[in-house]
Amino acid sequence: MDITNIGLVDDDDILLDIAALALSQLDHGEADLQPYLAQLDEIEDLVCAEGRSAFLSGERAAVLLEVMHHQLGFAGDSQAYDAPINADLVRVLDRKRGLPISLAILYVAMARRAGWTADVLNVPGHVLVRIGEKNPVVIDPFMGHGPVSADDLEVICCHYLGDDGKDVALQVEAMSNRQILTRLLNNQAIRAEQGGDLPHAFAVYSRITQVAPDGPEAWQNLARLHLAFEDVPGARHCLLAMLEVVRDPDLRSRIKATHDALASASPPTSEGPTLG
């Protein structure tokens, strides 16, 4: 599987589980993905069989929880939440444990395979899944329960944002497929950096620029890590890439100034480009 294709196709044409598996393979050398593809097909068969008479959103949400959580045992890894394996789909399929984002990818992918409408919701500090369009139902793959009520959603948002969470809870939106994959990869990159593995963090940020080349944050993080490796030309190249995707005049001005300043920067600094 070539991940560069993910960055070229329309967002709606991205198959979340297959794309996440392709990204995971990059950290597993020549690992054979066929058993994992077969596992995904088997899960699809279970969901479709269990959900053949499920027509309402609530019924479909209940089928997903029954199959994914109760029958197959997929659940959040609350004991080792920050372990990198929880954002690695190969290991998630092996262990049936993961982060909210990795589990949400599986839930949404299976719902879509069954022909149902499903989205990953961009909730602060957490990830939830919404099933259906008319009278949609929200469920929590990490906890393995649902439905998540509007009051529950407000509690989650307020937990991370304080009183501002009340307004955010009313405006939670579905993520695009590229945003979902970017969030998964950002989890990997952050954990790599926290663990002191800068080369792996660099590799993951590079993957984000391939999957979602229009996202400036990954380019900025790559520029920062180029400087950590004392590669000023590489950092300047990333800043130029940022200029291709950023439209805000003030931010463009800061990027340009940073790019020009790095031409004479000595010595390089691991602090990374400061854009204000």
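**Exercise 1. Determine which backbone atom the side chain of D11 reaches in this predicted model, and place D11 in the chain.**

Solution. Start from the side chain of D11: its partner is the backbone nitrogen of R178, at 2.9 Å. A polar contact requires N or O atoms within 3.5 Å, and the 2.9 Å of this pair fits that cut-off. Next, list the wider surroundings. Leaving aside residues up to four places away in sequence, D11 touches S176, N177 and R178. Finally, locate the residue: D11 belongs to the segment that precedes α1 (16-25).

**Exercise 2. Classify the packing of α1 against α5 and describe the residues of the contact.**

Solution. Two numbers are needed, since packed helices are described by the angle between their axes and the distance between the axes. For α1 and helix α5 (residues 100-113), the angle is about 140° and the axes are 8 Å apart. Roughly antiparallel would require an angle over 145 degrees, and roughly perpendicular covers 65 to 115. The two helices are therefore oblique to each other. On the α1 side, the contact is made by L16, D17, I18 and A20. On the α5 side, I105, V108, A109, M110, R112 and R113 take part. Sorted by type, the contact has 7 nonpolar residues, 3 charged and no polar ones.

**Exercise 3. Work out the strand order of the open sheet of 3 strands and identify its edge strands.**

Solution. The order is β3-β4-β5, and the pairing is antiparallel. Each edge strand pairs on one side only; these are β3 (118-123) and β5 (137-139). From one strand to the next, the twist averages 35°. Now take one pairing in detail: strand β4 (residues 126-131) joins β5 in the antiparallel sense over 3 bridges. I131 stands opposite V137 of β5.

**Exercise 4. Classify the ring pair Y81 and F142, and state which parts of the chain the pair ties together.**

Solution. The structure holds 2 aromatic pairs. In the pair of Y81 and F142, the ring centres are 5.6 Å apart and the planes stand at 70°, so the pair is edge-to-face. Y81 sits in the loop between β1 (75-76) and α4 (89-95), while F142 sits in the loop between β5 and α6 (150-161), so the pair ties together parts that are 61 residues apart in sequence.

**Exercise 5. Describe the backbone at P147 and at K96, and give the loop of each.**

Solution. Begin with omega: the peptide bond from G146 to P147 has a value near 0° and is cis. P147 lies in the loop between β5 and α6. Then consider phi: K96 is not a glycine, yet its phi is positive, at about 60°. K96 is found in the loop between α4 and β2 (97-98).

Methods:
Residues are numbered from 1 along each chain as its sequence is written. This is a predicted model: local features need pLDDT of at least 70, side-chain atom pairs count only at pLDDT 80 or more; totals for chains, interfaces and linings use all residues. Side-chain values use heavy atoms; hydrogens and water are left out. Helices (H or I, at least four residues) and strands (E, at least two) are DSSP runs, numbered from the N terminus. A polar contact is a pair of N or O atoms within 3.5 Å; within protein, one must be able to donate a hydrogen and the other to accept it, and residues adjacent in sequence count only if both atoms are side-chain atoms. Contact means heavy atoms within 4.5 Å. Axes are lines fitted to C-alpha atoms, for helices over the stretch in contact, and angles run from 0 to 180 degrees between N-to-C directions. Angles under 35 degrees count as roughly parallel, over 145 as roughly antiparallel, 65 to 115 as roughly perpendicular and the rest as oblique. Ala, Val, Leu, Ile, Met, Phe, Trp, Tyr, Cys and Pro count as nonpolar, Asp, Glu, Lys and Arg as charged, and the others, Gly among them, as polar. Two strands pair if DSSP finds at least two bridges between them. Rings of Phe, Tyr and Trp (its six-membered ring) pair if their centres lie within 6.5 Å; planes under 30 degrees apart count as stacked, over 60 as edge-to-face and the rest as tilted.
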